[in-house]
Amino acid sequence: QVQLVESGGGLVQAGGSLKLSCAASGSSFSTIAMGWSRQAPGKQRELVASVTSGGSTNYADSVKGRFTISSDNVRKTVYLQMDSMRPEDTGTYYCNLKLIDWGTARHSELWGQGTLVTVSS
């Protein structure tokens with residue numbers, strides 16, 4: 001059974017920094033991509049950043065130049081370094097994993113429990 005555990009959320013002032021971590025447990029799967037999405041109250045969830053198993057990254061326009069996603073494929077962990085944070089970055093951040101199960105060869109998508117990030121002005 002694959003599970004995701006997130007950490008690193010908290011309260012920061014505008015202009016500050018925060019780093020999120022997400023680790024995937026389990027071994028009988030291959031990672032396609034890992035990423036981070038966020039959701040503010042009353043708004044739909046949006047993709048913030050993603051990284052494929054091959055190392056390709058993608059960022060939302062709103063965070064380009066400020067956020068950096070990185071991954072450790074051996075430890076099956078993904079990180080999100082957030083710098084120059086703004087109040088509009090406030091929301092619940094969810095880790096996401098796209099995988100292929102070795103036993104069934106089925107594609108699957110998992111979400112972490114979410115970690116709250118609050119940026120004060």
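The legends below describe close-up views of a predicted model.

**View 1. The largest cavity and the residues that line it.**
In this predicted model, the count of cavities of 30 Å³ or more comes to 1, and the volume of the largest cavity is about 30 Å³. Its lining is made up of T31, A33, M34, V51, T52, S53, S71 and N73, and the elements that contribute two or more residues to this lining are β4 (29–39) and β5 (46–52). Strand β4 gives the most, with 3 residues. By residue class, the lining divides into 3 nonpolar and 5 polar residues, with no charged residue among them.

**View 2. The salt bridge between E46 and R38.**
The model holds 6 salt bridges, and one of them is formed by E46 and R38, whose closest N and O atoms are 2.8 Å apart. The two partners can be described by their relative accessible areas: E46, at 35%, is partly exposed, whereas R38, at 6%, counts as buried. R38 counts as buried because its relative accessibility of 6% falls under the 20% cut-off.

**View 3. Salt bridges of D61 with K64 and of R75 with D72, and a network of shared partners.**
Side chains of opposite charge can pair when their charged atoms come close. The side chains of D61 and K64 meet in a salt bridge with an N to O distance of 3.1 Å, and D61 is exposed, with a relative accessible area of 65%. A further salt bridge links R75 to D72, with the closest N and O atoms 3.6 Å apart; here R75 counts as exposed at 62% relative accessibility, while D72 counts as partly exposed at 25%. Elsewhere, R38, E46, R66 and D89 are joined into one network by salt bridges that share partners.

**View 4. The surroundings of S37 in strand β4.**
Is S37, which lies in strand β4, buried or exposed? S37 counts as buried, because its relative accessibility is 5%, under the 20% cut-off. When its neighbours within four places in sequence are left aside, S37 is in contact with R45, E46, L47 and V48, and also with T92, Y93, Y94 and W111. One of these contacts, E46, is also the salt-bridge partner of R38.

**View 5. The hairpin of strands β7 and β8.**
Strand β7 (residues 67–72) and strand β8 (residues 77–82) run antiparallel and are joined by 6 bridges. Within this pairing, S71 has V78 in β8 as its bridge partner, and S71 is also one of the residues that line the largest cavity. The hairpin has 4 residues between its strands, and in it K76 takes a positive phi near 55°.

**View 6. Strand β1, its two faces and its pairing with strand β3.**
In a regular strand the side chains alternate between the two faces of the sheet. Strand β1 (residues 3–7) has a covered face, made up of L4 and E6, and an uncovered face, made up of Q3, V5 and S7. Strand β1 is joined to strand β3 (residues 18–25) by 5 bridges, and the two strands run antiparallel. S7, which belongs to the uncovered face of β1, has S21 in β3 as its bridge partner.

Technical notes
Residues are numbered from 1 along each chain as its sequence is written. This is a predicted model: local features need pLDDT of at least 70, side-chain atom pairs count only at pLDDT 80 or more; totals for chains, interfaces and linings use all residues. Side-chain values use heavy atoms; hydrogens and water are left out. On a 1 Å grid over the protein atoms alone, a cavity is a set of points where a 1.4 Å probe fits but cannot get out, and a pocket is an open set with protein on both sides within 12 Å along at least five of seven lines; lining residues have an atom within 4 Å of a point. Grid points are joined across faces, edges and corners, and a volume is the space filled by probe spheres set on the points. Ala, Val, Leu, Ile, Met, Phe, Trp, Tyr, Cys and Pro count as nonpolar, Asp, Glu, Lys and Arg as charged, and the others, Gly among them, as polar. A salt bridge is a side-chain nitrogen of Lys or Arg within 4 Å of a carboxyl oxygen of Asp or Glu. Buried means under 20% relative accessible area, exposed over 50%, partly exposed in between (1.4 Å probe, protein chains only). Contact means heavy atoms within 4.5 Å. Two strands pair if DSSP finds at least two bridges between them.
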